[in-house]
Amino acid sequence: MNYLTATKNKKYLMYISQNYSYAILRPLQQQILAHGGQVSWFLEGKDVNPDFLTDSEKQLYSIEDIHKWSPDAIFAPANLIPTFLPGKKVAVFHGFDAGKLNRKGENDHLKARGCFDLYCTQGPNTTTPFSALQKRLGYFKVTQTGWPALDRLFKNEPTRSYVDELDSRPTLLICSTFSKRLSLAPKLYKQIKQFSETGKWRILMQFHPKMPLEWVNKYKALSNNNLTFIETDDVIPLLKSADVMLCDTSSILLMFLLQRKPVVTFCNQDPKKHLLNVTDANKVEGAIDNALTYPPELMENIESYCQELHPYSDGQSSERVLVATNEFLLSNEKLKSKPLNFIRQFKMRKKLNYWKW
């Protein structure tokens, strides 16, 4: 059966709570609309800006609206989603597993939380652990599809560019996570300020949307002809525009690596051989210089790692997610009941102010 044609007349909800989720789900929306399906968006909470919706995108404003519209499937680039919503819940991930550990020393990326019916995994290093969870827990299915957010990374389509054709300097992209414990922003301010003054590289900077405003403003103040601070909900053009990245333990570094470009990390939590990791702030500049030579052994390690992380470079992950979702919808596969999780569901109902049963 052609599961793409099964899209016609079906309804798909994009459930998001962060601005970066627009870019993750829009390639999937494009596939759905191209095959005759309907798409609506629900924006949860105050961290997602409705101004990023286009005039052609339909927004649902309440949980009641979702129930009335009655989607067949709901896509969420998140760890959690309310289970009291109609339709099958499909997890598409909000990023890659960058090796971040919580305060208990656990990897939050590789957890099933009793919310989803289908996990569309990115590559072998997410498929293997979630398949093991599927076998043990039995209340969801796992299908490896690749990640929709990367489709545009591998396509030669017109997109905004941060490349300056008149500037021959190498372009360094600096990104950072928001966690005080993991972020390079407070630890490398002196070095980055110096980089912005010497002009050795053309620097682009972008932070996680949850970065404390104090550090956003401090780095914005460094902006000059050598350094550009960028706030955006779409990082793909940034990734395409740089030669090398400086990062910490943010999952965006993995998206950059998939272009087969080197990443220098500062105090990374999982510093394996596909990264150039340094723990001394005074050695960051030398590591960047080394990365810009694209060392052969490093590039081989990057290639091996990318095959485990996301082996697809065809730009068709959204299509595979849609096929997997439609196959799941039509299979009527019998799964175990999800755990009730009364406390979590109560918190979600309270957050969304929804008490109907």
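Tutor: Angles here run from 0 to 180 degrees between N-to-C directions, along axes fitted to C-alpha atoms. Keep in mind that we're looking at a predicted model.

Student: Okay, helix H8 first. At about what angle does H8 run to E13?

Tutor: H8 covers residues 284-291 and lies across E8, E11, E12 and E13. On a scale that ends at 180 degrees, its angle to E13 is about 175°.

Student: And the sheet under it: in what order do the six strands come?

Tutor: That sheet is open, and its pairing is parallel. Each edge strand pairs on one side only, and these edges are E10 (227-229) and E13 (276-278). From one strand to the next the twist averages 20°. Reading across, the order is E10-E9-E8-E11-E12-E13.

Student: Let's zoom in on E8 and E9. Which residue in E9 stands opposite Cys 175?

Tutor: E8 spans residues 171-176 and E9 spans 202-207, and the two pair in the parallel sense over six bridges. The residue in E9 opposite Cys 175 is Gln 206.

Student: Sticking with E9, is Ile 203 buried or exposed?

Tutor: Ile 203 is found in strand E9. Beyond its neighbours within four places in sequence, it's in contact with residues including Leu 172, Ile 174, Phe 195 and Leu 227. Its relative accessibility is 0%, and since the cut-off for burial is under 20%, Ile 203 counts as buried.

Student: How many Å separate Ile 203 and Asn 224, C-alpha to C-alpha?

Tutor: In sequence, Ile 203 and Asn 224 are 21 residues apart. In space, their C-alpha atoms are separated by 9.7 Å.

Student: Which helix lies across E8, E9 and E10?

Tutor: Look for residues 189-198. That helix runs at about 140° to E9. The buried residues of H5 pack against this helix too, as well as against E9 and E10. The helix you want is H4.

Student: You mentioned H5. Why do its buried residues sit on the same side?

Tutor: H5 covers residues 213-220, and its buried residues include Trp 215, Val 216 and Tyr 219. In an α-helix there are 3.6 residues a turn, so residues three or four places apart point the same way. Those buried residues share a side of H5 because the arc they cover around the axis is only 105°.

Student: Which exposed residues are on the face of H5 turned away from the buried side?

Tutor: To be exposed, a residue needs a relative accessible area over 50%. On that face of H5, the ones carried are Leu 213 and Glu 214.

Student: Now the open sheet of seven strands. What is its order?

Tutor: The pairing in this sheet is parallel. Its edges are E3 (58-60) and E7 (141-144), each pairing on one side only, and the twist averages 30° from one strand to the next. The order goes E3-E2-E1-E4-E5-E6-E7.

Student: How many of the six residues of E2 are buried?

Tutor: E2 (residues 38-43) pairs with E1 in the parallel sense over six bridges, and Met 14 stands opposite Trp 41 in E2. The strand is mostly covered, and the number of buried residues is five.

Student: At the E7 edge, which residue stands opposite Cys 120?

Tutor: E6 (residues 118-121) and E7 pair in the parallel sense over four bridges. Opposite Cys 120, in E7, you'll find Thr 143.

Student: Which helix lies across E1, E4, E5, E6 and E7?

Tutor: This one runs at about 160° to E6. It also packs with H1 (residues 21-34), with the axes 9 Å apart. Spanning residues 317-331, the helix is H10.

Student: Is the crossing of H1 and H10 left-handed or right-handed?

Tutor: The helices pack at an angle of about 65°. Pro 27, Leu 28, Gln 31 and Ile 32 in H1 meet Ser 318, Glu 319, Val 321 and Leu 322 in H10, and the residues of this contact divide into five nonpolar, two polar and one charged. The crossing is right-handed.

Student: Last one: what is the relative accessible area of Asn 341?

Tutor: Asn 341 sits in the loop between H10 and H11 (342-352). Its phi is positive, about 45°, although it is not a glycine. Partly exposed means between the 20% and 50% cut-offs, and Asn 341 falls in that class because its relative accessible area is 28%.

Conventions: Residues numbered from 1 in each chain as written. Predicted model: local features only at pLDDT ≥ 70, side-chain atom pairs only at ≥ 80, totals over all residues. Heavy atoms only, no water. Left-handed = near helix turned anticlockwise from the far one by under 90°. Contact = heavy atoms within 4.5 Å. Nonpolar A, V, L, I, M, F, W, Y, C, P; charged D, E, K, R; others polar. Pairing = 2+ DSSP bridges. Buried < 20%, exposed > 50% of the residue type's maximum accessible area, 1.4 Å probe, protein only. Arc of directions from axis to C-beta.
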